[in-house]
Amino acid sequence: MVSLNIFAALAILGVALPSTLATQWIVGDSQGWDLNVDYTTWASGKTFLVGDTLVFNYNQGSHDVVNVTGTEYQQCTESNGAVPLTSGHDVITLAVAGNHWYICDFPEHCSLGMKLVVDVLSGTPAISPPTSPTNSPPPPPPSSSSAPPPPLSSSSAPPPPPSSSGAPSPPPPPPSAAAGIAFSNCHVWIVGVFSILMIIMV
Ligand SMILES: [Cu+2]
């Protein structure tokens, strides 16, 4: 039964993970890649994931797209080796997590607002498997930051009473998580009997 539950959980994860489809983001939506669009506002509230694509639509020859660094984004500059995209319909796949910066390098276009930064997340959406009604431990969540559950107390039998005593053996511990408590009670009980025996012998 335990193996069946684990298998079912793995099957659910295996089905759920590939179902996250990559998103194609049309930069600026219907306004496209152009002047007079606030791309900070456009990007805000959107969750960009690795594998998503950015589509820059613009009139070819009126703008371009250059992938730059964060500093270059701030200063509206670009490195000498930068190769602009100029097709008018540039599709960029966000393959790496982290910040990605793009500008138009036509004169003054960047400083007039044609600059975009997106924060790409690598994480797959958190999907918690259904809680199992049995006592079998659930599999660890794929990307949860919560601490793992504490290990169950050992169910091994407590040490036997001293062999020299004729006292009855202590009751066996219940086979549950209360074994630790039972062990403590048993230990106190053994010490008490042993003490009585010592007093009698002296
Ligand atoms: Cu431009």
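Q: Where is E108 found?
A: In this predicted model, E108 is found in the loop between β6 and β7. The residue has a positive phi of about 70 degrees although it is not a glycine.

Q: Why is E108 called exposed?
A: The relative accessible area of E108 is 55%. A residue counts as exposed when this value is over 50%, so E108 is exposed.

Q: What makes D29 partly exposed?
A: The relative accessibility of D29 is 43%. This value is neither under 20%, as buried requires, nor over 50%, as exposed requires, and D29 is therefore partly exposed. The residue sits in the loop between β1 and α2 (39–43). D29 also has a positive phi, about 50 degrees, without being a glycine.

Q: Why is H109 counted as buried?
A: H109 has a relative accessibility of 14%. Buried means under 20%, so H109 counts as buried. Like E108, H109 lies in the loop between β6 and β7. Leaving aside residues up to four places away in sequence, H109 touches L35, S62, H63, C104 and M114.

Q: Which residues coordinate the copper ion?
A: The copper ion is coordinated by H63 through ND1, C104 through SG, H109 through ND1 and M114 through SD. The distances are 2.0 to 2.8 Å, and donors are N, O and S atoms within 2.8 Å of the metal. Along the sequence, these donor residues are spaced H-x40-C-x4-H-x4-M.

Q: What do H63 and H109 tie together?
A: H63 lies in the loop between β3 and β4, and H109 in the loop between β6 and β7 (115–121), so the pair ties together parts that are 46 residues apart in sequence. Both residues are buried.

Q: Why is the site of the copper ion called irregular?
A: The angles among the four donor atoms are 80 to 139 degrees. A tetrahedral site needs all angles between 85 and 135 degrees, and the values of 80 and 139 fall outside that range. A square planar site needs opposite donors over 155 degrees apart, which an upper value of 139 does not reach. The site therefore counts as irregular.

Q: What makes the pair of W33 and Y39 tilted?
A: The structure holds five aromatic pairs. In the pair of W33 and Y39, the ring centres are 4.8 Å apart and the planes are at 50 degrees. Centres within 6.5 Å make a pair; planes under 30 degrees apart would be stacked and planes over 60 degrees edge-to-face, so this pair is tilted. W33 and Y39 are both buried. Ring pairs link W33, Y39, F56 and Y102 into a cluster.

Q: How do you know that Y102 is buried?
A: The relative accessible area of Y102 is 2%. The cut-off for buried is under 20%, so Y102 is buried. Its place is in strand β6, where Y102 stands opposite N67. The C-alpha atoms of Y102 and G70 are separated by 9.1 Å, although these residues are 32 residues apart along the chain.

Q: How do you know that β4 and β6 pair?
A: Three bridges join β4 to strand β6 (residues 98–103). At least two bridges are needed for a pair, so the strands pair; they run antiparallel. Both belong to an open sheet of four strands with the order β2-β7-β6-β4 and mixed pairing.

Q: What makes β2 and β4 edge strands?
A: β2 (48–49) and β4 (66–68) each pair on one side only.

Q: What makes the pairing mixed in the sheet of order β1-β3-β5?
A: This open sheet of three strands contains pairs of both senses: β1 and β3 (residues 53–57) pair in the parallel sense over three bridges, whereas β3 and β5 run antiparallel and are joined by five bridges. V55 in β3 stands opposite I26, and the bridge partner of V55 in β5 is V91.

Q: Which residues of β5 form the covered face, and which the uncovered one?
A: D90 and I92 form the covered face of β5, and H89, V91 and T93 the uncovered one. In a regular strand the side chains alternate between the two faces of the sheet.

Note on methods:
Residues numbered from 1 in each chain as written. Heavy atoms only, no water. Donors = N, O, S within 2.8 Å, 3.2 Å for Na, K, Ca; no water. Tetrahedral: all angles 85-135°; square planar, octahedral: opposite > 155°, others 65-115°. Buried < 20%, exposed > 50% of the residue type's maximum accessible area, 1.4 Å probe, protein only. Contact = heavy atoms within 4.5 Å. Phe/Tyr/Trp six-rings, centres within 6.5 Å; stacked < 30°, edge-to-face > 60°.
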